[in-house]
Structure formats: C-alpha cells, structure tokens
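Subject: Structure handover

Hello,

Here is the structure for you to look over. My notes follow below it.

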Amino acid sequence: MWLWPRRSFSRSLKYYGKRLLRISATPHQVALGFAIGVLAASSPLFGLHIILAGLVTWLLRGNVAAAILGTMLSNPLTFLPIVMLDYKLGHFCFSFFGNADEIPLAEIRAMFEGLSVSQAWGILLEAWDTVMKPILFGGLILGLFLGSLAYICAYRATARFQKHRQEKMAEKVRVRLEKEEKQGAWQ
C-alpha cells in the first residue's frame, strides 16, 4: 500500500537519513536545504511545500534535494496534526494582541473532510481572519523552530559523515601507497 512503508517506518527514516547524509554538497548547503524543507512542511499550504522549499532553497543557494527530503515531514499522516498545532500556536499568539475567537479543532477538521482542493481554498479564503491567519502565523512559528533544530542536526550529522568519509578514503589511499611501496621494493 502507498501509505504504509513495506518494511517499517524506522527503516524508511533510516533510508531517508542516509540519502540526506550522502548528498554531495557542503554541510551548510545540505542543512540549509533540509531546514527550509522542514519550514515549508510546517505551513498549511498543502501541495505547495515542495515548490516553495525548492524555490527558496535555490534562491538561498542551498541544496534542493535536501529541501525536498525536508518536506517529507508533511505527509498524509502528519498534515492534519501539523495544521492543528499551527492553529493552536497562532491562536495562542494572537490572543495576546486582542480578542481572538477560537474555533474548536473538531470544527476545523469537519471543514476539510470530503473537500476538493478548490473547495478547500474557497473555505479558507472566507475564513481568513478566524482560521487562516492563525494557521499561517502558527505555521511560521512552528516552522522556524523545527527548521532551526533541523539545521543544527543536519549540519552536525553531515559534517561528521563527510569527515568520516574523507578519513576512510585517506586511509584507503595510504594503505594502497604502502602496498605499492612494498611491491616496488621487492622488484
């Protein structure tokens, strides 16, 4: 089935982690792309995550492949919880600045059930002040937080992986040169 991994979720996560580490770019470029992908995945703009992440990453000279991997945070299983958390964060922040009417999360979930994309955008435009503004603002806050964490983790992991890879390659070259010296001395 397309929704459930063939083996397990942990195996899929390890696979994507290895793909991220093996990208041939500087640790900064990989981490920047991944962080922008995570930031885009935290937005409620479902269907535009990859396009937004790719464009922003390209403009900031990050790694676009890493950005696409970062957008994997938002998927059919995680999209609704992310949007609900976006709404709660945004509503919490807006409640400090005035009178913010809260819509129950069950009502937001009911608004999106069985809708096509064009119908969903129509509803969201009608409910701009009560729903979309808090979701967008909350998504920005959540995205900046998760993106910052993603940058730090991806940078450290990529730098460590690339350093280990260089050391391993240098060791292979050293062993080969020693072997050639021994063969040259025998002849």
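First, a definition for the accessibility calls: buried means under 20% relative accessible area, exposed means over 50%, and partly exposed is in between. On that scale phenylalanine 94, at 24%, is partly exposed. Please keep in mind that this is a predicted model.

Aromatic pairs

A search of the whole structure turns up three aromatic pairs. In one of them, phenylalanine 92 and phenylalanine 96 have ring centres 5.0 Å apart and planes at 80°, so the pair is edge-to-face. The cut-off for that label is over 60 degrees. Phenylalanine 92 is partly exposed, with a relative accessible area of 49%. Phenylalanine 96 counts as exposed, because its relative accessibility is 60%.

Another pair joins phenylalanine 94 and phenylalanine 137. Their ring centres are 5.2 Å apart and their planes lie at 20°, so this pair is stacked. The cut-off here is under 30 degrees. The pair links distant parts of the chain: phenylalanine 94 sits in helix H5 and phenylalanine 137 in helix H8, 43 residues apart. Phenylalanine 137 is partly exposed at 32% relative accessibility, and phenylalanine 94 is partly exposed at 24%.

Helix H5

Helix H5 covers residues 79-95. Does its length agree with the expected span, or disagree? It agrees: at 1.5 Å a residue, the 17 residues should span 24 Å, and the end C-alpha atoms are 24 Å apart. The buried residues of H5 are Phe79, Ile82, Val83, Met84, Asp86, Tyr87, Gly90, His91 and Cys93. Note that Asp86 and His91 are on that list.

Salt bridges

How many salt bridges does the structure hold? There are three.

Glutamate 171 and arginine 174 meet through their side chains, with 2.3 Å from N to O. They are three residues apart in helix H8 (residues 128-186), so about one helical turn separates them. Glutamate 171 is partly exposed at 36% relative accessible area. Arginine 174 also counts as partly exposed, at 38%.

Arginine 174 forms a salt bridge with glutamate 178 too, and there the closest N and O atoms are 2.5 Å apart. These two residues lie four residues apart in helix H8, about one turn of the helix. Glutamate 178 is partly exposed, with a relative accessible area of 37%. Glu171, Arg174 and Glu178 are thus linked in a network of salt bridges.

Arginine 176 and glutamate 180 also meet in a salt bridge, at 3.8 Å from N to O. The cut-off is 4 Å. Arginine 176 and glutamate 180 are four residues apart in helix H8, so about one helical turn lies between them. Glutamate 180 is partly exposed at 44%.

Why does this spacing suit a pair? An α-helix has 3.6 residues a turn, so residues three or four places apart point the same way. Side chains of opposite charge can pair when their charged atoms come close.

Nonpolar cores

The largest nonpolar core has eight residues: Leu20, Ile23, Ala25, Val30, Ala31, Ala66, Leu69 and Ala154. Helix H2 (27-41) and helix H4 (64-70) are the elements that give two or more residues to this core. Alanine 154 touches Leu20, Ala31 and Phe34, leaving out residues up to four places away in sequence. Another core lies apart from this one. That core has seven residues, among them Val83, Tyr87, Val131 and Ile135. Val83 and Tyr87 also appear among the buried residues of H5.

Histidine 49

Is histidine 49 buried or exposed? Histidine 49 is buried, because its relative accessible area is 5% and the cut-off is under 20%. This residue lies in helix H3 (residues 49-59). Beyond its neighbours within four places in sequence, histidine 49 is in contact with Ala40, Ala41, Ser43, Thr71, Ser74 and Phe79. Phe79 is itself one of the buried residues of H5.

Annotated region

One item comes from a record. The unreviewed UniProt entry carries the annotation "transmembrane region" over residues 135-155. In the model, the chain over residues 135-155 is 100% helix and 0% strand. The end C-alpha atoms of that stretch are 29 Å apart.

Best regards

Key. Residues numbered from 1 in each chain as written. Predicted model: local features only at pLDDT ≥ 70, side-chain atom pairs only at ≥ 80, totals over all residues. Heavy atoms only, no water. Expected span 1.5 Å × (residues − 1). Buried < 20%, exposed > 50% of the residue type's maximum accessible area, 1.4 Å probe, protein only. Phe/Tyr/Trp six-rings, centres within 6.5 Å; stacked < 30°, edge-to-face > 60°. Core = buried A, V, L, I, M, F, W, Y, C linked by side-chain atoms within 4.5 Å. Contact = heavy atoms within 4.5 Å. UniProt positions renumbered as here; feature names shortened; annotations may be inferred.
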